Amino acid sequence: MAYQPGRQFLQIPGPTNIPDRVLRAIAQPVLDHRGPEFAKLAAELLVRIRPIFKTRQPVLIFPASGTGAWESALVNTLSPGDRVLGFDSGQFALLWTQMARKMGFEVETLATDWRRAPDPAAIEAALSADREKTIKAVLLVHNETANGCMSRVAEIRAAMDRAHHPALLLVDTISSLGSADFRMDEWGVDVAIGGSQKGLMLPAGLAFCGVSEKAIAASKQAKSPRCFWDWEPLLANTGGNFPYTPACNLFFGLREALDLIDAEGLENIFTRHARHAEATRRAIRGWGLEIVCAEPRDYSQSITAAFMPDGHSADSFRKLVLERFNMPLGAGLGRLADKAFRIGHLGDTNDLMLGGTLFGVEMGLVAANVPHNAGGVMAALSYLAERSGEAGRIA
Ligand code: PLP
């Protein structure tokens with residue numbers, strides 16, 4: 001491919017752009033992972049990661065991508081043949097149910113039209129109908145990266161409580177962690193699953209499981225075979241005694257990323273993401289395109305998906321935008337394949353980067369002869385300009 005000058009605009013919903021400071025931190029000489037210096041670093045990070053999940057509970061770190069943390073959550077809390085409640089509400093929620101089925105669990109699935117997040121009332125009804133309390137866990141994706149719908153976890157927790165159901169609440173925060181508010185302890189989440197390559201602004205390679213006391217108690221009873229994903233050695237790990245080689249250099253990056261998060265402030269980061277999500281939606285409406293998430297209260301703060309007009313291929317559009325403007329956009333996944341494209345607006349992103357992204361999309365719509373109204377970019381820019389003094393901006 002010919003050289004394309006300037007930085008590539010990586011506007012997929014993860015992996016996200018990595019700040020230069022984080023890249024430089026990762027590019028350090030390797031440490032002895034059994035030595036005192038790494039033990040000190042890991043011990044520090046095992047504590048500092050907790051507020052990102054808003055928990056006082058242990059957060060376990062695996063050298064893996066987020067999919068591994070899904071598996072870890074299942075095998076540590078469940079026994080073969082256990083029943084779980086999952087969702088056909090988007091590609092990632094669906095993949096998690098498929099994993100659970102492959103691993104020998106019995107999965108009951110609640111479906112949506114993939115244009116809204118799971119309905120708390122439907123969850124309450126499903127759990128209330130389970131009089132024998134055989135459902136052991138609910139597998140919820142906080143932010144469905146495939147369609148830009150965000151679950152209302154607090155409402156789902158309340159629905160589970162109203163049903164007086166003891167199922168564990170397992171929540172995938174992979175594309176919301178560090179981008180949208182997530183409160184593991186307050187929302188009664190039993191396992192919170194995360195990955196490093198989205199809001200945390202790192203490469204893929206660290207998978208997280210925040211574990212409640214109830215989940216730890218379940219792990220002591222669960223009979224699923226497990227070795228690499230076993231929580232037990234990690235719960236005993238004080239920093240220097242991982243049961244395998246940790247991803248040491250990503251720990252350097254994580255320390256730097258947490259410094260950046262501390263400097264901006266987690267709540268300010270959420271405000272920035274909310275602003276960018278709203279600006280993106282205004283642009284999409286301005287172009288006359290349809291936002292995939294049909295329920296405003298379910299709008300995601302980190303990714304927005306838009307339908308292409310009938311008869312136009314989203315994949316051809318993305319290909320053109322990549323080749324002409326050097327900007328990868330997210331593909332439509334699963335049943336949205338070729339029908340929708342996704343704009344990732346999460347991680348290390350500022351107003352000007354978002355403006356450039358939307359500009360690239362509008363130029364792409366023109367170049368691809370996609371019927372649209374001009375001016376979506378301007379609708380977004382006016383909104384961003386109105387909020388230029390908002391909290392969450394670097395003074
Ligand atoms: N869950 C969600 C919500 C995701 O967005 C992703 C990846 O994009 C995954 C799970 C899978 O994680 P990974 O690709 O890190 O294995």
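# Briefing: a ligand shell, a lysine and two domains

Sorted by class, the shell around the ligand is made of four nonpolar, seven polar and one charged residues. Keep in mind that what you're looking at is a predicted model. The protein chain has 395 residues, and 50% of them are buried. Let's start at the ligand and work outwards.

**Around the ligand**

- Which residues surround the ligand? Three of them follow one another in the numbering: Ser 65, Gly 66 and Thr 67.
- The others are Gly 14, Phe 92, Val 141, Thr 145, Asp 172, Ile 174, Ser 175, Gly 195 and Ala 204.
- Gly 14 is worth a second look, since a cis peptide bond joins Gly 14 to Pro 15, with omega at about 0°.
- Pro 15 itself sits in the segment before helix H1 (20-26).

**Lys 198**

- UniProt, in an unreviewed entry, lists Lys 198 under "modified residue: N6-(pyridoxal phosphate)lysine".
- Where along the chain is Lys 198? You'll find Lys 198 in the loop between strand E8 (191-195) and strand E9 (207-211).
- Is Lys 198 buried or exposed? Lys 198 has 29 other C-beta atoms within 10 Å, and the cut-off for buried is 20 or more, so Lys 198 is buried.
- Setting aside neighbours within four places in sequence, Lys 198 is in contact with Gly 14, Thr 16, Ile 174, Ser 175, Leu 177, Ser 179, Leu 346 and Gly 347.
- Some names come up twice: Gly 14, Ile 174 and Ser 175 are among the contacts of Lys 198, and they are also among the residues surrounding the ligand.

**Arg 342**

- The unreviewed UniProt entry also puts a feature called "binding site" at Arg 342.
- Unlike the loop lysine at 198, Arg 342 lies in a strand, E13 (residues 340-344).
- Arg 342 counts as buried because it has 26 C-beta neighbours inside 10 Å.
- Leaving out neighbours within four places in sequence, the contacts of Arg 342 are Pro 13, Gly 148, Ile 303, Ala 305, Leu 329 and Gly 330.

**The chain as a whole**

- How many helices and strands does the protein chain have? There are 14 helices and 13 strands.
- The radius of gyration of the protein chain is 21 Å, which agrees with the value near 21 Å that a compact globule of 395 residues would have.
- If you lay a box along the principal axes, the C-alpha trace spans about 60 × 55 × 40 Å.
- Take the contacts with a separation of 6 or more: 74% of them pair up residues that are 24 or more positions apart.
- For a far-flung pair, try Gly 375 and Gly 188: they are 187 residues apart in sequence, and their C-alpha atoms are 44 Å apart in space.
- Gly 375 is in the loop between helix H13 (351-367) and helix H14 (376-386).
- With 15 other C-beta atoms within 10 Å, Gly 375 is partly exposed.

**Two domains, and a UniProt one**

- The protein chain splits into domain 1 (20-262) and domain 2 (266-386).
- How far apart are the C-alpha centres of domain 1 and domain 2? The answer is 28 Å.
- The two domains do touch: 23 residues of domain 1 are in contact with 24 residues of domain 2.
- On the side of domain 1 that touches domain 2, helix H5 (91-102) and strand E6 (149-150) each supply at least two residues.
- That side of domain 1 has nine nonpolar, 10 polar and four charged residues.
- UniProt has its own feature, "domain: Aminotransferase class V", placed at residues 12-317 in an unreviewed entry.
- Across residues 12-317, the chain is 40% helix and 16% strand, and the end C-alpha atoms are 14 Å apart.

**Two backbone oddities**

- Lys 54 isn't a glycine, yet it has a positive phi of about 50°.
- Lys 54 lies in the loop between helix H3 (50-53) and strand E1 (59-62).
- Lys 54 has 17 other C-beta atoms within 10 Å, so it is partly exposed.
- Asn 326 isn't a glycine either, and its phi is positive at about 60°.
- Asn 326 also lies in a loop, this one between helix H12 (314-325) and strand E12 (330-331).
- Asn 326 is partly exposed because 16 other C-beta atoms lie within 10 Å.

Definitions and conventions. Residues numbered from 1 in each chain as written. Predicted model: local features only at pLDDT ≥ 70, side-chain atom pairs only at ≥ 80, totals over all residues. UniProt positions renumbered as here; feature names shortened; annotations may be inferred. Helix = DSSP H or I, 4+ residues; strand = E, 2+ residues; numbered from the N terminus. Buried ≥ 20, exposed ≤ 12 C-beta atoms within 10 Å, placed from the backbone. Contact = placed C-beta atoms within 7 Å. Near = placed C-beta within 6 Å. Nonpolar A, V, L, I, M, F, W, Y, C, P; charged D, E, K, R; others polar. Rg over C-alpha atoms; globule rule 2.2 N^0.38 Å. Domains from an automatic or database assignment.
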